[in-house]
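Visitor: I'd like a close look at one part of this one rather than a tour of everything. Pick the part where the strands come together, if there is one, and take me through it slowly.

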Amino acid sequence: MKILLDTCVLFPTVMREMLLGAAGQGMFTPLWSARILEEWARAARKLGPDGEAQARGEIALLRAKWPKSEVTWKPSLEDRLYLPDANDTHVLAAAIAGSADMIITMNAKDFPRNILAEEGLARSDPDAFLQGLWQANPDALQYVGDAVLAEARRLSTPDWDMRPLLKKARLPRLAKALT
């Protein structure tokens, strides 16, 4: 299963780590475009002066780990596409070019199911998607959750527990499943 990851699910660290951890367990193949990764790097400026540089380092690691995940397309593909927000057509184009099965995004209103269905695509939010993966393979997703929790504890001052960490990452259903 090929899944296109929108910028809004790559930029929050815990959400990204849960999704990519599941991909690392072989639960799906992640896809993105250079533009999606660039949007992530620019959005990371919000974190402070080092945010963009850190994001670019993480992007380099991502590209090294999944060298076949970055998709490209001819500009004419975007010209034939319509979405309510024209600034998101590149995401749809990337999904089509990568033969994705689904787009994972937090922006449901910008990706109407009927338009995606015309292109053979589905849409899900990361919480529902990860919960579905957990239902299919709870041990693998528990492993990912435990690794993300251990890294959060290593990097931050509060001693995180799984449920608050995932709730803060806007993954409340997964939080219930993994605790």
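Guide: Buried residues account for 47% of the 179 residues in the protein chain, and do keep in mind that we're looking at a predicted model. A good place to see that burial is strand β2, residues 29-33: four of its five residues are buried, so the rest of the structure largely encloses this strand.

Now for what flanks β2. The strand belongs to an open sheet of five strands, ordered β3-β2-β1-β4-β5 and paired in parallel. The two edge strands are β3 (70-71) and β5 (122-124); each has a single partner strand, so one side of each is left without a neighbour in the sheet.

Let's walk along the order, starting at the β3 end. β3 and β2 run parallel and are joined by two bridges. If you want a spot to zoom in on, S33 has V71 of β3 as its bridge partner. On to the next pair: β2 and strand β1 (residues 2-5) are linked by three bridges, again in the parallel sense. Here the pair to look for is K2, which stands opposite T29 in β2. At the other end of the order, strand β4 (residues 102-104) pairs with β5 in the parallel sense, over three bridges. There you'll find I104 standing opposite S124 in β5. While you're tracing side chains, a handy rule is that in a regular strand they alternate between the two faces of the sheet.

Stepping back, where does the sheet sit in the whole? Those five strands share the protein chain with 11 helices. The radius of gyration of the chain is 16 Å, close to the 16 Å that the globule rule gives for 179 residues, so the chain is as compact as a globular protein of that length. Along its principal axes, the C-alpha trace spans about 50 × 40 × 30 Å. Partners from far along the sequence matter to this picture too: among contacts between residues at least 6 apart in sequence, 61% join residues at least 24 apart.

Last, a quick look at the outside. The protein chain exposes about 9200 Å², with carbon and sulfur atoms supplying 52% of that. As for charge, there are 23 positive and 23 negative side chains, and the centres of the two sets lie 1 Å apart.

Notes. Residues are numbered from 1 along each chain as its sequence is written. This is a predicted model: local features need pLDDT of at least 70, side-chain atom pairs count only at pLDDT 80 or more; totals for chains, interfaces and linings use all residues. Side-chain values use heavy atoms; hydrogens and water are left out. The radius of gyration is taken over C-alpha atoms; the globule rule is 2.2 Å times the number of residues to the power 0.38. Buried means under 20% relative accessible area, exposed over 50%, partly exposed in between (1.4 Å probe, protein chains only). Contact means heavy atoms within 4.5 Å. Accessible areas come from the Shrake-Rupley method with a 1.4 Å probe; for residues, only the protein chains shown count as cover. Lys and Arg count as positive and Asp and Glu as negative; His and the chain ends are not counted. The place of a charge is taken as NZ of Lys, CZ of Arg, CG of Asp or CD of Glu. Two strands pair if DSSP finds at least two bridges between them.
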